[in-house]
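Thanks for coming. I will take a few minutes on one strand and its neighbours, and then turn to the interior.

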Amino acid sequence: VIKDVRLLASRAASRPASVNDMVNEGSAVRTGDESRAEITFMDQTLTRLGANTVFSFSEGGRDVELSNGAILLAAPENTGTTKVKMVGVATAAVSGFAAMFETRRNLQSKVILLDGDGTVTLDNVPGSSCPIHAGQMMIIPAHPVKCPPVYDINIAKLVGTAKLVTLWPLPPWVLDPVLHNADKQKDSGPYGGYVDPTSLDPMDQHEATEIIKSRPQGTPGP
């Protein structure tokens, strides 16, 4: 727990969160400005919350809801599929993975897969099924009408700079496969090379509140 982290239990007032607090299904966790939190599930699934984030879960952590903010989520291979709902935009179904998700109301959402495979379903596009794989990023506009483009990103660049990765040491079962994927990128890559994810329409966890205040509504993505 770093700075302002609160637990929002159903039918109860919110209260400050403490290290080793038990977070039950039906509760939400909310972080404030410049705040961070980490949640560990019984099956080792790991969730890190960035600043100004609202997060809840059900089905033992297999169904996750991100109302606002940014998370890093990692699940062991044998835990099956996890669904991450970015409220009002899309749902990502991923398995055996390490990934980052971000959603900002009325702006855009991001899915970044560091390991594993997944499919993104757009809320208001019936039948949509948008594949995404390790080393790729999808930027979803506030009101998508089709599958957005997928970018092949520089994993090493992201792992070395993203605060949700560098804030605390990640356990080897999360970090080792990600670094293996980064090493594979050194040997081959797409035409034109890999995209630097930190420079592609950046709107990340560190100063999200200030970016939202200063960014004009309707600013197009890439």
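Two strands are said to pair here if DSSP finds at least two bridges between them. Keep in mind that what you are looking at is a predicted model.

With that in hand, start at strand β5, residues 46–49. β5 and strand β7, residues 63–75, pair in the antiparallel sense, over four bridges. Strand β4, residues 37–40, also pairs with β5, again antiparallel and over four bridges.

The link between β4 and β5 is a hairpin, with five residues between the two strands. In that turn, Gln-44 has a positive phi of about 85°.

Now look at Arg-48. Which residue is its bridge partner in the β4 pairing? That is Glu-38. Towards β7, Arg-48 stands opposite Leu-72.

Are the faces of β5 buried or exposed? Both are covered: Leu-46 and Arg-48 on one side are buried, and so are Thr-47 and Leu-49 on the other.

Leu-72 takes us to the second topic, as this residue is among those that line the largest cavity. How many cavities of 30 Å³ or more are there? The count is one. The space in the largest cavity is about 40 Å³.

Besides Leu-72, the lining includes Ala-98, Ala-99, Leu-114 and Val-159, together with Val-165, Leu-170, Val-174 and Val-178. Two elements, β9 (90–104) and α3 (172–187), give two or more residues each to this lining. By class, the lining has nine nonpolar residues, with no polar and no charged ones.

That is the end of my part.

Conventions:
Residues numbered from 1 in each chain as written. Predicted model: local features only at pLDDT ≥ 70, side-chain atom pairs only at ≥ 80, totals over all residues. Heavy atoms only, no water. Buried < 20%, exposed > 50% of the residue type's maximum accessible area, 1.4 Å probe, protein only. 1 Å grid on protein atoms, 1.4 Å probe; cavity = no way out; pocket = protein on both sides within 12 Å on 5 of 7 lines; lining within 4 Å. Points joined across faces, edges and corners; volume = space filled by probe spheres on them. Nonpolar A, V, L, I, M, F, W, Y, C, P; charged D, E, K, R; others polar.
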